Structure formats: C-alpha cells, structure tokens
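Open the model in your viewer and keep the selection box handy. We will start with the whole chain, then stop at single residues.

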Amino acid sequence: MLRYALLAITILCSSNSMAESDKVIRPGITTTSIYGLSRAISPHKLSFIVNETTTQLGIDINTSISPDNISIIDPDGYVIPATNIEGYTQEKVVLPFFNEALFFMGITEGEHAKVNIDDPKSGTWSVSLVLPSSAGNKGGIRVSQKGTLYLDAKPTSLTYKVTEPVVINAEVLDSGEPVLDSDVLAEIYQFDARSSSQSISLYDDGVYPDINSGDGIYAGSISGLSTGYYRADIGFQGGIPTISSATEFEVVPITGIFTGNVSDIGVDANDDGLIDRIDISFEVDIRIPETYSLQAVLKQGEKTLISGTQVELDSGINTMTVSFLDKDIKEYLISDGPYLIHDVMLKQGGSWRPVDRRADFGQTQPYSIED
C-alpha cells in the first residue's frame with residue numbers, strides 16, 4: 001500500500017506565514033501545508049481529512065529530522081512505521097511561488113522525509129513531529145491529495161466591457177462523469193481588494209447563463225463590476241468531498257462599440273460593368289477619439305477571406321468600411337455569395353485586444369462570381 005517517490009518540487013514560504021501546533025484542513029483540497037516549523041512548538045501536528053474519492057496521498061516533510069521523530073496516523077489509529085518513511089537529501093530546487101499578487105523564485109535545500117500512500121483510508125489523518133535541537137526554525141509539512149473529483153473554472157471570456165455581465169463556468173466531474181445537484185459558489189474580487197469580494201452561485205439547470213442542464217458545467221453571472229483585473233475562486237461541495245479552483249479575467253472600459261448596423265455594396269470602380277470590390281460598412285459608436293482598426297472575415301463554407309482598415313475617428317457615430325477585392329474573392333471564396341460576415345474585431349490604437357468583437361454580422365447580398 002505504501003510507495004516511495006522523490007519529490008521534484010517542494011513549496012517554501014516565509015517562516016511567519018503559518019506556524020500552528022494544530023491545523024485542521026477541509027477535505028479534498030489538493031495541497032495543504034504548514035510552514036515555519038519551530039522547536040518552540042512540540043510536537044507540530046497537521047490534521048487533514050481524506051475523503052473517499054482520494055486515490056493517492058503524499059506527505060513530504062522538509063526539515064532536518066529523522067523518520068523516528070515523525071508519526072503518521074491513519075483514521076483507524078494505525079501508525080505508519082518509520083521504516084516506511086524514506087529520508088533523503090534534496091540539493092537545490094528552484095520553484096515558482098504564487099502569493100496572490102506576489103511572485104518570486106525561491107531555493108530550498110535540506111533533508112526531506114517522504115511517503116506516498118495509494119488508496120488511503122477515508123477520514124481524519126494526522127502528521128506530528130518533534131524537532132530535535134539540531135533542527136532550524138525552517139521547513140514545513142506538505143500534504144498532497146489526488147482524487148477522482150475534478151473542477152475546472154473558467155470565464156466565458158478573458159475580457160469584458162464594463163457594462164457586460166461576467167459569466168463564470170465551472171465543470172465538475174467525478175471519474176469523468178458529470179456531478180449533479182451540487183453547491184457551486186464563486187467568490188469574485190479585484191486582486192488588490194479581496195476584502196470587498198462578492199459571491200454568486202453557479203447552477204447546472206439549463207437556465208441562462210447555463211447552456212445545458214445536467215452536463216456537469218455550472219454557470220453564473222455578475223454585473224456592475226468596475227474596470228480592473230479580477231479573480232474568481234470557485235468552491236464545489238457535494239456531500240463530504242470539497243474541492244476548489246480559480247480563474248482570472250479583466251473588465252475594460254468602453255472606448256468604442258459596434259451599433260449593429262452594417263451594409264454591403266458591390267463597387268464598379270472603372271465603369272466596365274463588373275464588380276471590382278465589395279465594400280462592407282460597419283457603424284461604430286466611439287467614446288474616446290483615437291485611431292481605430294477594424295478587421296472582418298468573409299466566409300463561404302470552410303473558405304475564408306480577411307480584410308481590414310485603419311482610420312482616425314472622432315467621438316460619436318462613425319462608419320468604418322472594409323473592402324474585399326474581386327481577385328481575392330475569386331481566389332479564396334471561389335463560389336457565389338451571399339457570404340457570411342464573420343469574426344469582426346474593432347481595436348483601439350496599437351492594442352492587440354479588441355474593444356468590441358462580433359462573431360456573426362449576418363450575410364452579404366447574393367453576389368455572383370461571374371459579375
């Protein structure tokens with residue numbers, strides 16, 4: 001039942017982040033840790049719950065200690081023998097560490113005691129240790145759980161305009177099958193203002209913004225967010241097992257938007273009775289005067305043709321026209337119209353991010369390749 005493995009990466013935190021004699025962990029969290037080990041606390045104890053969906057439990061202790069000073073106890077009171085705990089020396093490990101807005105690279109070295117347990121018993125486990133006088137006030141205990149529960153949280157877009165509702169999705173699976181009738185909650189906050197978070201419930205009921213009922217994809221929306229960068233922490237609880245996930249998105253100001261009005265016309269530039277180009281004109285409402293670029297796609301089946309324009313616009317209602325040349329239509333679209341006006345993007349200045357984007361603007365008139 002016991003299997004050993006060297007730990008490739010160990011998470012390290014400052015010594016004052018968490019120094020508790022007893023810490024109880026909610027079930028199903030992927031990784032739980034206690035940092036800042038101290039000889040003044042004896043013994044250190046980390047309690048955690050293993051739920052019935054956990055398939056592997058990993059315990060890593062990073063400090064100068066013998067396995068004889070470590071006690072790992074399962075829910076039945078069975079003590080894992082010290083001979084089953086592997087001690088080894090890890091030279092240097094460079095790792096990324098995330099702490100909300102903080103990011104830095106850390107290096108840790110020293111002795112580790114490590115054990116992996118397949119199909120662990122469900123219930124409350126505990127790890128306790130007594131630091132010898134030779135141990136320093138550093139290191140930690142890290143517990144990792146892998147299970148059959150899966151939660152993947154994501155917004156429907158990476159950016160939203162300030163007037164748009166933000167839609168958050170969370171897919172919840174157990175052994176690859178949808179988890180139904182569960183409580184899924186999203187805590188949404190700006191990176192620098194977590195104390196001002198807002199909570200919304202996500203539902204898998206087929207009612208907007210959820211698309212399909214009973215597919216394990218839960219959805220919820222929130223409106224009225226101001227501009228800024230946001231994080232959504234998603235928590236799922238169905239009975240005893242509890243897991244969590246997170247995603248990020250940005251709310252951006254409105255600088256320009258499509259009004260929805262669009263028109264197209266075939267242009268005979270040299271009066272020879274044939275169309276030299278198709279001009280498609282889009283009406284835009286500009287809030288901030290600036291140079292704007294517009295890109296549009298004509299689509300016929302799987303065949304596509306892209307064109308764009310760039311122009312300096314004043315505030316108010318403006319028209320931007322994109323031209324598709326006859327020779328390009330013959331080469332790339334080949335067939336007669338009408339053509340689908342597809343994936344139209346409005347960008348401000350040199351920004352790569354669209355200030356407005358529409359997937360479908362309808363169809364053009366029924367142009368003929370012969371014309």
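Show the surface of the protein chain. About 19,000 Å² is exposed, and carbon and sulfur atoms supply 49% of it. Accessible areas here come from the Shrake-Rupley method with a 1.4 Å probe; for residues, only the protein chains shown count as cover. This is a predicted model: local features need pLDDT of at least 70, side-chain atom pairs count only at pLDDT 80 or more, and totals for chains, interfaces and linings use all residues. Residues are numbered from 1 along each chain as its sequence is written, and side-chain values use heavy atoms, with hydrogens and water left out.

Switch to cartoon. The protein chain has one helix and 26 strands. Both are DSSP runs, numbered from the N terminus: helices are H or I with at least four residues, strands are E with at least two. Of the 371 residues, 42% are buried (under 20% relative accessible area, 1.4 Å probe, protein chains only). Now think about contacts (heavy atoms within 4.5 Å). Among those in the protein chain with a separation of 6 or more, 67% join residues 24 or more positions apart.

**Stop one: Asp 60.** Select strand β5, residues 54-62; Asp 60 is in it. Is Asp 60 buried or exposed? Asp 60 is buried, because its relative accessible area is 2%. Next, add His 112. It sits 52 residues from Asp 60 along the chain, yet their C-alpha atoms are separated by 6.7 Å.

**Stop two: Asp 204.** Go to the loop between β16 (198-202) and β17 (217-222), where you will find Asp 204. Asp 204 is buried but has no salt bridge (a side-chain nitrogen of Lys or Arg within 4 Å of a carboxyl oxygen of Asp or Glu). The nearest side chain of opposite charge, Lys 154, is 15 Å away. What does the side chain of Asp 204 reach? It reaches the backbone nitrogen of Gly 214, at 3.0 Å. The backbone nitrogen of Asp 215 is 3.2 Å from a polar atom of the same Asp 204 side chain. Beyond four places away in sequence, Asp 204 also touches other residues, including Leu 180, Asn 212 and Tyr 218.

**Stop three: Val 252.** Select strand β19, residues 242-252, and pick out Val 252. Val 252 counts as buried because its relative accessible area is 12%. Residues up to four places away aside, Val 252 touches Tyr 160, Lys 161, Val 162, Thr 227 and Arg 353. Finally, add Glu 164. It is 88 residues from Val 252 in sequence and 9.8 Å away in space, C-alpha to C-alpha.

Technical notes: Buried < 20%, exposed > 50% of the residue type's maximum accessible area, 1.4 Å probe, protein only. Lys, Arg positive; Asp, Glu negative; His and termini not counted. Polar contact = N/O pair within 3.5 Å; in protein donor to acceptor, adjacent residues only side chain to side chain.
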